[in-house]
Amino acid sequence: MTAPSLLRVARPKALKPLRVTFVRGYATELKPNLQYTKVTHPDSDAPASTHSLIKDHSQYLLNTYVRPPLLFTKGKGLVLTDSSNREYLDFTAGIAVTALGHSDEGVNRVINDQASKISHASNIYWNEHAGELAKSLVEKTRQHGGLGLGLGDGGDKGGKVFFSNSGTEANEGALKFARAYGKIIAPENKDKTDIVCFSNAFHGRSMGALSVTPNPKYQAPFQPLIPNVKVGQYNEESQEAIDELINENTCGVIVEPIQGEGGVTQGKIEFLTKVAKRAREVGAVLIYDEIQCGLFRSGTMWAHSEFPAEAHPDIITMAKPLSNGFPIGAIMVRSTIAAEISPGMHGTTFGGQPLATAIGLHVLDRLSNPDFLSTLRENAKYLQGKLERLPQLFGGVLKDELRGTGLIRGIVFQQANHPAELVKLARERGLLILTAGSDAVRLVPALTVSKDQIDQAIGVIESCLSILAENK
């Protein structure tokens, strides 16, 4: 993608005093990149044929999305091309999905090869890839850390996997398993049906997952939702509050180690450890929703991989990057919980089909490669260094805070309207980014992102923040 020419723009107003750094012994002023202040990708430039198509399709598609008039026709790596043949640098990865980038050649080969053999036969029969992907997930989790495997935390030696079609379905299944397990281990307690979730969580939009997504905007039109859901404060470290929230009537606790939609907020180790310990005290199943932060986006296989053993969950839910855009989800369950799940308790028509799991095997093998991980971590550190500049440069616009880790990052704003404004300004300059929660912008590029692409993205962001600072 060709960068626009450098423009002369007045220095933004209302900035913090700029830090002085030293480069090869000379004092230099930290300055924002103003190379991308010019609009190069206006939304209004879509061709007439695109507007006509959008108008026609809008008559048939249910109106549940607010979208700019953009129609992407192809993609490669981190670059998407629209119907005007304009290229966009994609730092959304299809909402943290295309971990290997768009139209990856290795993924395409697997799709072509497997589709020519068999794509679907249902779970009435075995297939050659579902069990292999389940095995790979469990054994790589044992290798990289997660689910308490290999940590000597009470003798749990393994796990089992159920495949679904999406992250929402994975969470639905996990909630069902928690309810069933509570009834099995405490048949005398008819009230052991409570499920605990936390503020700013996002676990999906189907009825069960929505019930543990405590956002009135999402919940209000569909109430009443499923009963016996309690909402705690995320990162609340008071033992008294946690003990009151999670009690003998609690059958399951669901929490994101890093909240994605909720603002890219990381769970504190102390908080998650207390939650996990309390859940085990009362016989509640602890579910970590790693649909957005898992599978190496945080820099480790799971966001909790390096947590102490006592903070590990009983169930991990996953989805987004597992098949690089082909629909799949999965629930990985400790063997002690899995032992209580019997035939007929749960099922799916499409989950675990040969095509989806063949792709998943390929993707997981690539993501877990040591050389791939080394490059990912190096580039994540490089991105962090670039992001750390922003609050210094734009103190009148941004909070002095950087959220997230690895390649899930949040830029935090002082004004609630600024995240959406930055997303629009960046899109008009050829960069795609996402809002997160009420005060942040989210960066979740493909895990194949390069330093040059990071430089370009941060350059666009700095130019756009300069415009916001000027207009503040």
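**Exercise 1. Find the bridge partner of Leu80 in β5, then work outwards from that pair.**

Step 1. This is a predicted model, and in it Leu80 has Tyr88 as its bridge partner in β5.

Step 2. Now widen the view to the two strands. β4 covers residues 79-82 and β5 covers residues 87-90; they run antiparallel, and 3 bridges join them.

Step 3. Look at the turn. The hairpin of β4 and β5 has 4 residues between the strands, and Asn85 takes a positive phi there, near 65°.

Step 4. Check what else β5 pairs with. Strand β15 (residues 431-432) pairs with β5 in the parallel sense, over 2 bridges. In that pairing, Leu89 stands opposite Leu431.

**Exercise 2. Work out in which order the 7 strands of the open sheet are arranged, and which strands sit at its edges.**

Step 1. Walk across the sheet strand by strand: the order reads β6-β12-β11-β10-β9-β7-β8. The sheet is open and its pairing is mixed. As a reminder, strands of a sheet pair through backbone hydrogen bonds, either parallel or antiparallel.

Step 2. Pick out the ends. β6 (159-164) and β8 (229-232) are the edge strands, each with pairing on one side only.

Step 3. Get a feel for the twist. Ignoring direction, neighbouring strands here are turned by 20° against each other on average.

Step 4. Zoom in on one pairing. β9 (residues 250-255) and β10 (residues 285-289) run parallel and are joined by 4 bridges. One handle on the register is Val253, whose bridge partner in β10 is Leu286.

Step 5. Add the helix. α4 (residues 130-144) packs on the sheet and touches β6, β11 (315-318) and β12 (329-334). The direction of α4 makes about 130° with that of β6.

**Exercise 3. Describe the second largest pocket: its volume, its lining and what β6 contributes.**

Step 1. Start with the volume, which is about 770 Å³.

Step 2. Go to the walls. The lining has 23 residues, and those nearest the pocket centre are Asn123, Trp126, Val161, Phe162 and Phe163.

Step 3. Sort the lining by class: 12 residues are nonpolar, 10 are polar and 1 is charged.

Step 4. Trace the lining back to secondary structure. α4 and β6 each supply at least two residues, and β6 gives the most, with 4 residues.

Step 5. Tie this to Exercise 2. β6 is an edge strand of the sheet, α4 packs against that sheet and touches β6, and both α4 and β6 help to line the second largest pocket.

Note on methods. Residues are numbered from 1 along each chain as its sequence is written. This is a predicted model: local features need pLDDT of at least 70, side-chain atom pairs count only at pLDDT 80 or more; totals for chains, interfaces and linings use all residues. Side-chain values use heavy atoms; hydrogens and water are left out. Two strands pair if DSSP finds at least two bridges between them. Axes are lines fitted to C-alpha atoms, for helices over the stretch in contact, and angles run from 0 to 180 degrees between N-to-C directions. Contact means heavy atoms within 4.5 Å. On a 1 Å grid over the protein atoms alone, a cavity is a set of points where a 1.4 Å probe fits but cannot get out, and a pocket is an open set with protein on both sides within 12 Å along at least five of seven lines; lining residues have an atom within 4 Å of a point. Grid points are joined across faces, edges and corners, and a volume is the space filled by probe spheres set on the points. Ala, Val, Leu, Ile, Met, Phe, Trp, Tyr, Cys and Pro count as nonpolar, Asp, Glu, Lys and Arg as charged, and the others, Gly among them, as polar.
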